[in-house]
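User: Please take a close look at the salt bridges of this protein chain. Afterwards, please place them in the context of the other features, so that a first-year student can follow the account on the structure.

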Amino acid sequence: MSTGANFLRMIEDMQRLFTKLYDLAMTIQGGVFIIHVAIPNEPGTLGRVLTTIEAATGLNLLLAYAYGWPGEAIGYALLVYPAGNSDEIGKKLVEASKSAGAIILGAYKIENKML
């Protein structure tokens, strides 16, 4: 596949991601938390982070978008969880991610009233 086709595919993927994210933020009571993490680009690392988050918070993942580049040591992921009515959930998500070895690049809460 050519570089131009790869770029176009990446843009289309991002458009679908943000459309889905907007839909989730509008329909989930209390909105969503988005955690942007950097993790070692090794097999099983993302699974370990997701398992640790679920064990610590009891929340089910709504959406994940993982990306990286071949040969790079670091991969990235956007993880989307229901926000509920408490900011404490966001703190638990961040702490659980860190304890599983993720580096937090950003953590955001999007409420339906913001959109």
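**Salt bridges and their surroundings**

Analyst: R16 and D13 are joined by a salt bridge in which the closest N and O atoms are 2.5 Å apart. The model in which this contact appears is a predicted one. Both residues belong to helix α1, and they are 3 residues apart in it, about one turn of the helix. The two partners fall into separate classes of accessibility. R16 has a relative accessible area of 51%, and the limit for the exposed class is over 50%, so R16 counts as exposed. D13 has a relative accessible area of 24% and is partly exposed.

A search of the whole structure finds 3 salt bridges, and another of them lies in helix α3, which spans residues 88-99. Here K91 is the partner of E88, with the closest N and O atoms 3.5 Å apart. K91 and E88 are likewise 3 residues apart, about one turn of the helix. E88 is partly exposed, at a relative accessible area of 44%.

There is also a salt bridge between K109 and E111, where the closest N and O atoms are 3.9 Å apart. The rule asks for a nitrogen within 4 Å of a carboxyl oxygen, so this contact qualifies. K109 counts as partly exposed at 23% relative accessibility, and E111 is placed in the partly exposed class at 22%. K109 falls within strand β4, which covers residues 103-110.

That strand leads to the sheet. Its 4 strands are arranged in the order β2-β3-β1-β4, forming an open sheet with antiparallel pairing. The edges are taken by β2 (63-67) and β4; each has a single partner strand, so one side of each is left without a neighbour in the sheet. On average, neighbouring strands of the sheet are turned by 15 degrees against each other, direction ignored. The partner of β4 is β1 (residues 32-40), and the two pair in the antiparallel sense over 7 bridges. One residue pair illustrates this: V37 has I104 of β4 as its bridge partner.

The other edge strand, β2, includes Y67, which takes part in a group of aromatic rings. A pair of aromatic rings is described by the distance of the centres and the angle of the planes. The model contains 4 aromatic pairs. In one of them, Y67 and W69 lie 6.0 Å apart from centre to centre, with 90 degrees between the planes, an edge-to-face arrangement. The rings of W69 and Y76 have centres 6.1 Å apart and planes at 70 degrees, so this pair is edge-to-face as well; the class requires an angle of over 60 degrees. Together with Y65, the residues Y67, W69 and Y76 form one aromatic cluster. Y67 is partly exposed, with a relative accessible area of 28%, and Y76 is also partly exposed, at 24%.

Finally, helix α1 should be considered once more. Besides the charged partners R16 and D13, this helix, which runs over residues 3-27, contains F7. F7 forms a nonpolar patch on the surface with M10 and I11, and the three have about 290 Å² of accessible area together. Helix α1 thus offers two kinds of feature to examine: the salt bridge between R16 and D13, and F7 as a member of the nonpolar patch.

Terms used
Residues numbered from 1 in each chain as written. Predicted model: local features only at pLDDT ≥ 70, side-chain atom pairs only at ≥ 80, totals over all residues. Heavy atoms only, no water. Phe/Tyr/Trp six-rings, centres within 6.5 Å; stacked < 30°, edge-to-face > 60°. Buried < 20%, exposed > 50% of the residue type's maximum accessible area, 1.4 Å probe, protein only. Patch = residues over 30% accessible without salt bridge, like charges linked within 9 Å, V, L, I, M, F, W, Y side chains within 5 Å. Areas by Shrake-Rupley, 256 points an atom, 1.4 Å probe, with all protein chains shown as cover. Salt bridge = Lys/Arg side-chain N within 4 Å of Asp/Glu carboxyl O. Pairing = 2+ DSSP bridges. Axes fitted to C-alpha atoms, helices over the stretch in contact; angles between N-to-C directions.
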